[in-house]
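Visitor: I have just opened this structure for the first time. Could you show me how to read it, feature by feature?

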Amino acid sequence: MDLQLIRLLVDFGLMVLIWIVQLVIYPGLCYYKIEDLGKWHKIYTQRIGVIVGPLMIAQLVVTIMQLMQVQNLYTWGSIIIVLITWILTFLIFVPLHNSIKPDESCEEITTSLVKKNWWRTFFWSILFLGSLILKISDYNF
């Protein structure tokens, strides 16, 4: 399997995941009873971490490998966007998730998660579209 195909699959996985988080998971958090949210949120963050963690690491590793092979607009742009998603995740979203507490209203935090998450949704969608265009251009139709 070539590196660009691996990259395309990882980018696709992260894009699908972030759209599910954006449209279903984050808006759905406030449908839990306040006393159940803290318990569910702890389970959710552990489970989603098992999925998103390896995908983000794989994306970073593959992007670095591509950059080491070729330095062009695509590879430099990709590494910059990947690093931005890491920064957003660990400086904004991890603290926001950590601020969800049992027995406290989540509406303000959920609204913040949804608003701010549009940036990650945009960046991961751009990464996928770039990978898709590059992969399609590899084929001579």
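Guide: Happily! This is a predicted model. Let's start at the largest pocket, where H2 gives the most to the lining, with nine residues.

Visitor: How is such empty space found?

Guide: Rolling a probe the size of a water molecule over the atoms shows where empty space is left. Here, the largest pocket has a volume of about 430 Å³. It is lined by 25 residues, and those closest to its centre are Ile48, Val52, Thr89, Val94 and His97.

Visitor: Which helices each supply at least two residues of that lining?

Guide: H1, H2, H3 (73-98) and H4 (107-138) do.

Visitor: What span does H2 reach, and where is its kink centred?

Guide: Helix H2 covers residues 34-69, which makes 36 residues, and reaches 50 Å from its first C-alpha to its last. That is close to the 52 Å expected at 1.5 Å a residue. Look for its kink of about 35 degrees, centred on Gly49.

Visitor: And at which residue does H3 bend?

Guide: At Thr89, by about 35 degrees. H3 has 26 residues and reaches 36 Å end to end between C-alpha atoms, close to the expected 38 Å. At its start, a side-chain oxygen of Asn72 comes to within 3.1 Å of the backbone nitrogen of Tyr74.

Visitor: What do the buried residues of H3 pack against?

Guide: They pack against H1, H2 and H4. Among the buried ones are Tyr74, Thr75, Ile81, Leu88, Thr89 and His97.

Visitor: Now a single residue: is Asp11 buried or exposed?

Guide: The way to tell is relative accessible area, and buried means under 20%. Asp11 has 0%, so Asp11 is buried. This residue lies in helix H1 (residues 3-28), and its side chain is joined to that of Gln59 by a polar contact of 2.6 Å. Leaving out residues up to four places away in sequence, Asp11 touches Gln59, Trp124, Leu127, Phe128 and Ser131.

Visitor: Could we try Gln66 in the same way?

Guide: Of course. Gln66 lies in helix H2, and its relative accessible area is 6%, so Gln66 is buried too. Its side chain makes a polar contact of 2.5 Å with the side chain of Gln4. Beyond four places along the sequence, Gln66 touches Leu3, Gln4, Arg7, Tyr74 and Thr75.

Visitor: How many Å separate the C-alpha atoms of Gln66 and Trp76?

Guide: They are 9.3 Å apart, with their positions 10 residues apart along the chain counted as a separation.

Technical notes
Residues are numbered from 1 along each chain as its sequence is written. This is a predicted model: local features need pLDDT of at least 70, side-chain atom pairs count only at pLDDT 80 or more; totals for chains, interfaces and linings use all residues. Side-chain values use heavy atoms; hydrogens and water are left out. Helices (H or I, at least four residues) and strands (E, at least two) are DSSP runs, numbered from the N terminus. The expected span of a helix is 1.5 Å times one less than its number of residues. The bend at a residue is the angle between axes fitted to the seven residues ending there and the seven starting there. Buried means under 20% relative accessible area, exposed over 50%, partly exposed in between (1.4 Å probe, protein chains only). A polar contact is a pair of N or O atoms within 3.5 Å; within protein, one must be able to donate a hydrogen and the other to accept it, and residues adjacent in sequence count only if both atoms are side-chain atoms. Contact means heavy atoms within 4.5 Å. On a 1 Å grid over the protein atoms alone, a cavity is a set of points where a 1.4 Å probe fits but cannot get out, and a pocket is an open set with protein on both sides within 12 Å along at least five of seven lines; lining residues have an atom within 4 Å of a point. Grid points are joined across faces, edges and corners, and a volume is the space filled by probe spheres set on the points.
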